[in-house]
Amino acid sequence: MDTAAALSNHDLRDEIKAYWSQRAATFDTQPGHEIFSEEERAAWHQLFRKHLGEGAGRPALDLACGTAVVSHLLDDLGFKVTGMDWAEPMLERARAKAKQRNRSIRFLMGDAENTMEGDNAYDVITNRHLVWTLVDPLSCFREWHRVLKPGGKLLIVDGDFVNKTLVSRIAGQLNRLLAKVGLAAEHRPPALGETHQSILSRVYFSSGARADTVADLLRQAGFSKVTVDYDMRAIHRTQRRNFSFLKGLERATQHRYAVCAEK
Ligand SMILES: C[S@@+](CC[C@H](N)C(=O)[O-])C[C@H]1O[C@@H](n2cnc3c(N)ncnc32)[C@H](O)[C@@H]1O
């Protein structure tokens, strides 16, 4: 990699961190991020249990934990959870939430692409909505492989937010129009829309994080038994109750998935 590219990557990481730091204040107010019903919580539990089994005290690392929504799901299942994020405003909220719910979850500030954790340290690594903004996914997946114990499992929950189906595109555009005239909720503060687009245009997955591409990179990084689960219907069904009709339709017709892989 030449020096100019290295410098521009460094800048991009800083921008991503700053972007999420600004999103932290309203993150947990939004359906699709925080969980707003026991039905939705149960649907998420089902997904994690299906791929990872019960926690039984096993150590789990929830990377890019944000306000710790996934960390709490893992804690519910009995994992011994460490949440890591590089945005302090997110971590502040994660710590406060765990304290308020009386949960014993450890939080670390750190970079998911370079965790500084030991070799073979965790039985499970999870992340939700991180991969689409990774700057160097292959080296990052190698890092996760290093940190997992042999036989340990990685579960990625993510989506392609660039290539949209026709229905998803129309639903999204109508929803944004309604939001402009105050008839629907904004997904993100309007001022951050341009920042989001600018970041998205420069990350590795600027053309969209397709599940198959993510799975191929995981195999290149040394993972085996890589499987893609597209069945997010139970989660989307329960989320729909907290979305407008159009937002629910947009979400249900996006390319969203869970990828599970083993070391
Ligand atoms: C969309 S939020 C998802 C938060 C959480 N995983 C969830 O699903 O509720 C993305 C999070 O990833 C974090 N993040 C992005 N890249 C990161 C990196 N390289 N290292 C650590 N955290 C990162 C951001 O700070 C932000 O908190």
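This is a short walk through a predicted model, taking in its salt bridges, its ligand and one valine.

Let's begin with the charged pairs. Searching the whole structure turns up 19 salt bridges, and three of them make good stops on our tour.

The first pair is arginine 101 with glutamate 34, whose closest N and O atoms are 3.4 Å apart. Look at where the two partners sit in the chain: arginine 101 belongs to the loop between helix H4 (88-100) and strand E3 (106-109), while glutamate 34 belongs to the loop between helix H1 (3-27) and helix H2 (38-52). The two are 67 residues apart, and the pair links distant parts of the chain. Their surroundings are worth a look too. Arginine 101 has a relative accessibility of 31%, so it counts as partly exposed. Glutamate 34 has 7% and counts as buried, because buried means under 20% relative accessible area.

The second pair is lysine 50 with aspartate 229, where the closest N and O atoms are 2.7 Å apart. Lysine 50 lies in helix H2 and aspartate 229 in strand E6 (residues 224-229), so this salt bridge ties together parts that are 179 residues apart in sequence. Once again, try comparing the two partners. Lysine 50 is exposed, at 52% relative accessible area, whereas aspartate 229 is buried, at 8% relative accessibility.

The third pair sits within a single helix. Arginine 219 forms a salt bridge with aspartate 216, and the closest N and O atoms are 3.1 Å apart. Both residues are in helix H8 (residues 211-220), and because they are three residues apart, they are separated by about one helical turn. Arginine 219 is partly exposed at 44% relative accessibility, and aspartate 216 is partly exposed with a relative accessible area of 43%.

Salt bridges can also share partners: in this way Asp28, Glu34, Lys97 and Arg101 are joined into one network. You have already met two members of that network, Glu34 and Arg101, as a pair.

Now turn to the ligand. There are 16 residues around the ligand, and those that come nearest are Ala64, Asp85, Asp111, Ala112 and Arg128. What kinds of residue make up this shell? By class, ten are nonpolar, three are polar and three are charged.

Some individual atoms are worth finding on your screen. Alanine 64 has a backbone N or O atom 2.7 Å from a nitrogen atom of the ligand. Tryptophan 86 instead places a polar side-chain atom 3.4 Å from a ligand nitrogen. Arginine 128 has an N or O atom in its side chain that is 2.5 Å from an oxygen atom of the ligand. How much of the ligand's accessible area does the protein cover? On its own the ligand has 600 Å² of accessible area, and the protein covers 98% of that.

Our last stop is valine 124, found in strand E4 (residues 122-128). With a relative accessibility of 1%, valine 124 counts as buried. Which residues does valine 124 touch, leaving out those up to four places away in sequence? They are Leu52, Arg58, Pro59, Ala60, Leu61, Phe79, Leu148 and Lys153. Pick out alanine 60 from that list: valine 124 and alanine 60 are 64 residues apart in sequence, yet their C-alpha atoms are 4.6 Å apart in space.

Terms used
Residues numbered from 1 in each chain as written. Predicted model: local features only at pLDDT ≥ 70, side-chain atom pairs only at ≥ 80, totals over all residues. Heavy atoms only, no water. Salt bridge = Lys/Arg side-chain N within 4 Å of Asp/Glu carboxyl O. Helix = DSSP H or I, 4+ residues; strand = E, 2+ residues; numbered from the N terminus. Buried < 20%, exposed > 50% of the residue type's maximum accessible area, 1.4 Å probe, protein only. Near = heavy atom within 4 Å. Polar contact = N/O pair within 3.5 Å; in protein donor to acceptor, adjacent residues only side chain to side chain. Areas by Shrake-Rupley, 256 points an atom, 1.4 Å probe, with all protein chains shown as cover. Nonpolar A, V, L, I, M, F, W, Y, C, P; charged D, E, K, R; others polar. Contact = heavy atoms within 4.5 Å.
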